[in-house]
Amino acid sequence: MKLYYTPYTCSFAPHIVARELGLPLELRRVRLGAEARVLTDDRDYRELSPLGYVPLLELDDGRLLREGVAILRYLGDQDPAAGLSAPLGSFERAEQDQWLTYINSELHKTFSPWLFHPEYGEASVRVAGERLQPRLALVDRHLDGREFLGERFGIADAYLYTVAGWTKLLKIDLAPYRHLAAYLARLDQRPCIREALRAEREDAKP
Ligand SMILES: N[C@@H](CCC(=O)N[C@@H](CS)C(=O)NCC(=O)O)C(=O)O
């Protein structure tokens, strides 16, 4: 399988999951933007992903899967026994979907104007900042007394770690969200997360 990715973006979440499960994954780095390119072979990335965004998963038979949540679920389901993807039909799975959807639509997309679309302008950055506060607070309350979003580390944790980690890039003070801050610090130490980070750094070397 190939994962089309860009360092420090949401594509880090499926990268973490693939490593947690020991799935064979080739990294294909993408330069985002109006003229998005696959850097390994200087290919026009929009031929693969028409809107030019990561992540994108390419299976060994050439089939393509877009959308981070779908990719996370697909990867997690490759090894049900590992428990990263909750069992089909269980309430736990519905809760996991609840978090995946929340992270995608309420957190990830609220960060977007800051990180990837400066053209949205100052006003949208201010509004995004205001919208983010209650959304982070909700996650923070949930993590009070919990190690992970669910009973164990799962695909939604890989996504939350990635997206909430952008608070560091943007220098958003996490002091009001101490449970979330502690959660991120714990996951910073998780071996597969460290390995994924190292692999993306190595891959970025000229
Ligand atoms: N709906 C997509 C959105 C993915 C997305 O926003 N990716 C960002 C990186 S985190 C991106 O590639 N942005 C480039 C752009 O919008 O041009 C998903 O959830 O996978």
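Colleague: Where is glutamate 67 found?
Modeller: This is a predicted model, in which local features need pLDDT of at least 70, side-chain atom pairs count only at pLDDT 80 or more, and totals for chains, interfaces and linings use all residues. Residues are numbered from 1 along each chain as its sequence is written, and side-chain values use heavy atoms, with hydrogens and water left out. Elements are DSSP runs numbered from the N terminus, with helices (H or I) of at least four residues and strands (E) of at least two. On that footing, glutamate 67 is found in the loop between strand E6 (64-66) and H2.

Colleague: What phi does glutamate 67 have, although it is not a glycine?
Modeller: As for its surroundings, glutamate 67 counts as partly exposed because its relative accessibility is 39%, where buried means under 20% relative accessible area, exposed over 50% and partly exposed in between (1.4 Å probe, protein chains only). Its phi is positive even though the residue is not a glycine, at about 75 degrees.

Colleague: Is lysine 171 buried or exposed?
Modeller: Lysine 171 also has a positive phi without being a glycine, about 55 degrees, and its place is in the loop between H6 and H7. Its relative accessible area is 74%, so lysine 171 is exposed.

Colleague: Which peptide bond is cis?
Modeller: Look in the loop between strand E4 (43-44) and strand E5 (56-58), where proline 55 sits. With omega near 5 degrees, the cis bond is the one from valine 54 to proline 55.

Colleague: Moving into helix H2, which residues does leucine 72 contact, leaving aside neighbours within four places in sequence?
Modeller: Leucine 72 lies in helix H2 and has a relative accessible area of 1%, so it is buried. Contact here means heavy atoms within 4.5 Å. With those sequence neighbours left out, the partners of leucine 72 are Ala13, Pro14, Val17, Leu100, Ile155 and Tyr159.

Colleague: How many of the residues of H1 are buried?
Modeller: The buried residues of H1 are Phe12, Ala13, Pro14, His15, Ile16, Val17, Ala18, Glu20 and Leu21. They pack against E1, strand E2 (26-31), H2, H5 and H8. H1 is mostly covered, and of its 10 residues the buried ones number nine.

Colleague: At what angle do H1 and H8 pack?
Modeller: Two packed helices are described by the angle between their axes and the distance between the axes. The axes are lines fitted to C-alpha atoms, for helices over the stretch in contact, and angles run from 0 to 180 degrees between N-to-C directions. For helix H1 (residues 12-21) and helix H8 (residues 191-204), the axes are 9 Å apart and the angle is about 120 degrees.

Colleague: How do the residues of the contact of H1 with H8 divide?
Modeller: H1 gives Phe12, His15, Ile16, Arg19 and Glu20, while H8 gives Cys192, Ile193, Glu195, Ala196, Leu197, Ala199 and Glu200. For the classes, Ala, Val, Leu, Ile, Met, Phe, Trp, Tyr, Cys and Pro count as nonpolar, Asp, Glu, Lys and Arg as charged, and the others, Gly among them, as polar. The contact of H1 with H8 comes out as seven nonpolar, one polar and four charged.

Colleague: How are H5 and H7 oriented to each other?
Modeller: H5 and H7 pack with their axes 10 Å apart, at an angle of about 110 degrees. Angles under 35 degrees count as roughly parallel, over 145 as roughly antiparallel, 65 to 115 as roughly perpendicular and the rest as oblique. H5 and H7 are therefore roughly perpendicular.

Colleague: And which residues in H7 meet H5?
Modeller: From H5 come Asp157, Leu160, Tyr161 and Ala164. On the H7 side the residues are Leu180, Tyr183, Leu184, Leu187 and Asp188.

Colleague: Which residues does glycine 165 touch, not counting those up to four places away in sequence?
Modeller: Glycine 165 sits in the loop between H5 and helix H6 (166-169). At a relative accessible area of 17%, it is buried. Its contacts are Leu160 and Leu184.

Colleague: Last one: which element gives the largest share of the largest nonpolar core?
Modeller: A nonpolar core is a set of buried Ala, Val, Leu, Ile, Met, Phe, Trp, Tyr and Cys residues joined through side-chain atoms within 4.5 Å. The largest has 50 residues, and those with the most contacts inside it are Ile103, Leu107, Leu160 and Leu180. Among the elements giving two or more residues to this core are helix H3 (91-115) and helix H4 (122-143). The largest share, eight residues, comes from H5.
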